Amino acid sequence: MALRIRSDVDTYKDESLIPFDSLRRSCVANADLILTSLRHGGAPDASSARETGRTRAQQGVPLADTLHAYRIGSELLWAEILAEARVRPEVSADVLLSESTRFWAAFSLYAEATAEAYREAAAELTSQGQARRSALIEALFTGIIADRTLREAAHELGLPEQGPYAVAVAEACAPGEEPLTGADAALRQEQLASVWRLLPDQQLALIALPTAKAEAACLRVLRRIPARVGFSPTFQALQDTPQALRFARLALAGLRSGSTGVARFDDNPLAMVVAASPAEAAHLVAAVLQPVIDLPAPERNRLLKTLEHWFAAAGSAGAAAQSLFVHPNTVRYRLRRVEELTGRSLSDPRTTADIGAALLAVRDSWGRHR
């Protein structure tokens, strides 16, 4: 019986999946189950059939193959019963007909028990697998995972062992809502592996970017969805996932209120940091640009707009003048006015950095100045 099953069902040919001794013992137990039921009558005991179902689910054998094997074994057993009956004159045709009905009724009952136990075990395994997968993903995002288990985690989660990777964070409009619905499937179509974690207020994704074009493909997928998304810099090692998550959250915080889209931390890291720290940003504005902020609105806006154009022009008064449609000397005059008010020299890289950061903070809280 075991040899016949192994010959006719491909899954059972894999010794590493189903050892032959295990298959033979299962055949013995199930044959004994049916024969005992035929001999003694009474309520059938389906324990061996249920054990077969659970075992095959744990071994990863498809249910269809399990039931196919069960039918092969039962057909062989009935053929042996018929062969024995032919040499026993006392076994009449009426007895065979009666026993045939009982035999195949028992087969049907045991097959159902096998399938029911298989499904129960498969559901348990799925639940356990989902729980373990969820725990591994949480461990990656929080950093509570040992270096030696990172390779195992990557394998179980379907991620490459080495980067580049990136983290995306999307803002949920309501607890439990998935703002990036469909992104997982779209990324798979782009051959990009990813793992996801849903929090009450955010949806997190760790995405593998194995090729030079992968990041662009990933961003195209995310930008097709009307959501607020922060995107981290790329990184090489899974143990850096928590830091990348922090950068992605900073990028998300840098998105203008009420807008959707994908904010890459690398596009303007200073702006992201400023936007994510409103209290510190307000203090920075007060410490650096307060004399300008206190001016009457027309002059204040004129000076702030000039600063914006000057920074955008990489410190060129001539280029800033062209974009502002004024004379270069006008730009220089306004810059000197800023220096006088703040007591800071725009020729000093350190103070220029301070003014640039403060300007980002002003722009974030007030919008662009006209």
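**View 1. Surroundings of A113 in helix α5 of the predicted model**. Leaving aside neighbours within four places in sequence, A113 is in contact with A46, A49 and R50. The model shown here and in the other views is a predicted one. A113 belongs to helix α5, which spans residues 93–142, and its relative accessible area of 8% places A113 among residues that count as buried. One of its contact partners, R50, is 63 residues away from A113 in sequence, yet the two C-alpha atoms are 5.5 Å apart in space.

**View 2. The aromatic pair W104 and F107 within helix α5**. W104 and F107 both lie in helix α5, where a separation of three residues corresponds to about one turn of the helix. By the rule applied to aromatic rings, the count comes to seven aromatic pairs. In the pair shown, the ring centres of W104 and F107 are 5.4 Å apart and the ring planes stand at 75 degrees, so the pair is classed as edge-to-face. The two residues can also be described by their accessibility: W104 is partly exposed, with a relative accessible area of 26%, whereas F107 is buried, with a value of 8%. W104 and F107 are also members of one aromatic cluster, which is formed together with Y70, W78 and F103.

**View 3. The aromatic pair Y165 and F235, with one ring in strand β1 and the other in a loop**. The rings of Y165 and F235 have their centres 5.6 Å apart, and their planes make an angle of 40 degrees, so this pair is described as tilted. Y165 lies in strand β1 and F235 in the loop between β4 and α9, so the pair ties together parts of the chain that are 70 residues apart in sequence. Y165 is buried, with a relative accessible area of 0%, and F235 also counts as buried, at 9% relative accessibility.

**View 4. The open five-stranded sheet and its strand order**. The five strands follow one another in the order β2-β3-β1-β4-β5, and their pairing is mixed. The edges of the sheet are formed by β2 (194–198) and β5, each of which pairs on one side only. On average, and with direction ignored, neighbouring strands of this sheet are turned by 20 degrees against each other. Within the sheet, β1 and β3 pair in the antiparallel sense over seven bridges, and the bridge partner of A166 in β3 is I207.

**View 5. Helices α8 and α9 against the sheet**. Helix α8 packs on the sheet and touches β1, β3, β4 and β5, with a direction that makes about 145 degrees with that of β5. Helix α8, residues 214–223, is mostly covered, since seven of its ten residues are buried. These buried residues are A214, E215, A217, C218, L219, V221 and L222, and they pack against β1 (165–171), α7 (183–189), β3 (202–208), β4 (228–231) and β5 (261–264). Helix α9, residues 241–253, lies across β1, β3, β4 and β5 and runs at about 40 degrees to β1.

**View 6. The largest nonpolar core and the contacts of L140**. This core has 29 residues, and those with the most contacts inside it are L140, L159, V167, L206 and L238. The elements that give two or more residues to the core are α5, α6 (147–157), β1, β3 and α9, and the largest share, six residues, comes from α9. Leaving aside neighbours within four places in sequence, L140 is in contact with I145, L150, L157, L159, L206, L238, T241 and P242. Apart from this core lies another, of 25 residues, among them V285, I293, A320 and L346.

**View 7. Cysteines C27, C173 and C218, in a structure with zero disulfides**. A search of the whole structure finds zero disulfides. For C173, the closest cysteine sulfur is that of C218, at 20 Å, which is too far for a bond. C173 is exposed, with a relative accessible area of 72%, whereas C218 is listed among the buried residues of helix α8. C27 is buried as well, with a relative accessible area of 10%.

Terms used
Residues numbered from 1 in each chain as written. Predicted model: local features only at pLDDT ≥ 70, side-chain atom pairs only at ≥ 80, totals over all residues. Heavy atoms only, no water. Buried < 20%, exposed > 50% of the residue type's maximum accessible area, 1.4 Å probe, protein only. Helix = DSSP H or I, 4+ residues; strand = E, 2+ residues; numbered from the N terminus. Contact = heavy atoms within 4.5 Å. Pairing = 2+ DSSP bridges. Axes fitted to C-alpha atoms, helices over the stretch in contact; angles between N-to-C directions. Disulfide = S-S within 2.5 Å. Phe/Tyr/Trp six-rings, centres within 6.5 Å; stacked < 30°, edge-to-face > 60°. Core = buried A, V, L, I, M, F, W, Y, C linked by side-chain atoms within 4.5 Å.
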